[in-house]
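Trainee: I should like to request a close look at a single part of this model, followed by an account of how that part sits within the whole.

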Amino acid sequence: MRMVNPAGRAPSPRLFVVVLATCGLVASFMQTLVVPLIPAFPRLLTTTPADASWVVTATLIAGAVVMPVSGRLGDLHGKRRLLLISLGFLVAGSVVSALTSSLALMVVGRGLQGCAMGAIPLGISIMRDELAPERVGAAISVMSSTLGVGGAIGLPVSALVAQNADWHVLFWASAGLGLICGLLILFVIPESPLKTPAPFDYLGALGLTVGLVCLLLPIVKGREWGWGSVRTLGFAGVAVAILLVWGSYQLRRRDPLVDLRVSARRPVLFTNLASIMIGFALYSLALSFPQLLQAPASTGYGLGLTMVQAGLCLAPNGVVMFMLSPVSARLIERYGPRTTLMTGAATIAAGYLFATVLMDNAFELITASIIIGGGVGIAYAAMPALIMGSVPVTETASANGLNSLMRSVGTSTSSAVMATMLASLAITVGGVSVPSATGFRLSFLVAAGAALLGLVLTAFVPKQRQPEPLVAPIR
């Protein structure tokens, strides 16, 4: 059977991949869309810095929660349909944010934008369902790279727009991009016939949502609330209790939201644990490098760059992630996804160790970020290959969604740990508190350690062969 688009023609495999990868880029772009505006949000939204941080927190939590849920819904009701719904949330959230200067509505809009993160695991699963076996590896590598590329390229673009136009333009632009992606999906991407005939676990989805929110809130807000405060510990305790009950319920259910027995398999378990560490290492770059590039030159180690200049310095690492996607596919084909993931983790660690020793000028930091970006691109391509080689074909979207969730847990934890570390080792220069050189070097060493721990965890994953799709592929 040949899959066809609404016009009655089978889409070109190249166009197929380009459209899905574009959707992934736009979805990941939402993560860094407002970064240049963070210092100005208290003034723009007439609120306090603490409350303004919810503009970022809402997107982070919504993205983490929606990935496993949208993945399961995609397995049940169609991945293309859920991909369109994800992009619909992005457009709706962008319009809400573009029309308001109210904190409450901005948080709502940013939360809706975060729901678009489900597009990436859904896109990866569609590729497995629809593409010929010889094309799957390269296509998944491209799609996986969008997780890092969108954020890296989006940072300087957002900074340029925010610096030269009304800040609402950013949201109108994201709405337009989401609408274009939706139309491309509608007219290019066919719906896969591969679905799971089972009811959706609404109670399980509710339990996972509440448990994840209670888990991520103290991680993201712990520094602001106080790590030992009643609120932080209370949320953490409630999260543990809810997730334990949720896990017990999932094990008893015939058609669970997340098949914990499959997730406990050695390849899946250790891949997900390694994903947390790789996600931690990735976000450490996004948090520490811009601060170092923008630190005042009077500190003796800062370079005094503007936000736009710092973003442009870091953009090459996103380009390298994308350019290495075919290399990642060849590594997976020749050496297997396990060895490829270990190679990526080792490369990330090498990049951070390079930055620890050499951080005296922009060229050295750009070089370090390129090395790290290359490692992330290689590692992110291997993760879905490991997952899909270990789960039933009818659960690929939900399994990829859970893996993406693990990466989000890693980035959230990195945000909390790195922010606390850099703040605790800050110095005052010209009346302004900035992280010290020791703080930056320590953050690089911690990130390198996380990447090496990811390498060790991956070593426990058994070697496997590449999976083949079980539906008639596009030729």
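With which residue does the side chain of Lys79 meet in a salt bridge, and at what N to O distance?

Mentor: The model is a predicted one. In it, the side chain of Lys79 forms a salt bridge with that of Asp75, the N to O distance being 3.9 Å. Lys79 and Asp75 are both buried. A salt bridge also joins the side chain of Lys79 to that of Asp129, at 2.7 Å from N to O. This second pair ties together distant parts of the chain, since Lys79 belongs to helix α5 (residues 79-98) and Asp129 to helix α7, with their positions 50 residues apart in sequence. Lys79 has a relative accessible area of 2% and is therefore buried. Asp129, at 1% relative accessibility, is likewise counted as buried.

The surroundings of Lys79 may be followed through Ile126, a residue of helix α7 (residues 119-130). When neighbours within four places in sequence are set aside, Ile126 contacts Lys79 as well as Phe16, Leu20, Arg80, Leu83 and Ile189. Ile126 is classed as buried because its relative accessibility is 1%. A further relation across the sequence involves Ser192: its C-alpha atom lies 7.1 Å from that of Ile126, although 66 residues separate the two in sequence.

The search of the whole structure returns 4 salt bridges. One of them pairs the side chains of Lys221 and Glu224, at 2.9 Å from N to O. Here the partners belong to one helix, α10 (residues 202-225), and because they are 3 residues apart, about one helical turn separates them. The two ends of this bridge fall into separate accessibility classes: Lys221 is buried, given its relative accessible area of 2%, whereas Glu224 is partly exposed, given its relative accessibility of 42%. Returning to the part in question, Asp75, Lys79 and Asp129 are joined into one network by salt bridges with shared partners.

The cysteines may be considered next. The search of the whole structure gives 0 disulfides. Why does Cys23 form no such bond with Cys181? The sulfur of Cys181 is the closest cysteine sulfur to that of Cys23, but the distance is 4.0 Å, and this is too far for a bond; the cut-off applied is 2.5 Å between the sulfur atoms. Cys23 is counted as buried because its relative accessibility is 1%. Cys214 also takes part in no disulfide, and its nearest cysteine sulfur, in Cys115, lies 17 Å away. With 10% relative accessibility, Cys214 is classed as buried as well.

These local descriptions can be placed within the chain as a whole. The chain contains 19 helices and 2 strands. Its C-alpha atoms occupy a box of roughly 70 × 45 × 45 Å along the principal axes. For 475 residues, a compact globule would be expected to have a radius of gyration near 23 Å, and the 21 Å found for the chain agrees with that. Of the 475 residues, 57% are counted as buried. Among contacts between residues at least 6 apart in sequence, 81% connect residues at least 24 apart.

Some features of the surface complete the account. The accessible surface of the chain amounts to about 18200 Å², and carbon and sulfur atoms contribute 69% of this. A nonpolar surface patch of about 430 Å² is formed by Ile153, Val157, Val319, Phe322 and Met323. Helices α8 (133-164) and α14 (307-323) each provide at least two residues of the patch, and α14 contributes the most, with 3 residues. Val319 is located in α14, and its relative accessibility of 37% is why it is classed as partly exposed.

Finally, a backbone feature deserves mention. Most residues other than glycine have a negative phi. Thr46, by contrast, has a positive phi, near 55°. This residue is situated in the loop between α2 (41-44) and α3 (49-52). Thr46 is counted as exposed because its relative accessibility is 72%.

How values were computed:
Residues are numbered from 1 along each chain as its sequence is written. This is a predicted model: local features need pLDDT of at least 70, side-chain atom pairs count only at pLDDT 80 or more; totals for chains, interfaces and linings use all residues. Side-chain values use heavy atoms; hydrogens and water are left out. Patches are made of residues with over 30% relative accessible area and no salt bridge: like charges are joined within 9 Å, nonpolar side chains (Val, Leu, Ile, Met, Phe, Trp, Tyr) within 5 Å. Accessible areas come from the Shrake-Rupley method with a 1.4 Å probe; for residues, only the protein chains shown count as cover. Helices (H or I, at least four residues) and strands (E, at least two) are DSSP runs, numbered from the N terminus. Buried means under 20% relative accessible area, exposed over 50%, partly exposed in between (1.4 Å probe, protein chains only). The radius of gyration is taken over C-alpha atoms; the globule rule is 2.2 Å times the number of residues to the power 0.38. Contact means heavy atoms within 4.5 Å.
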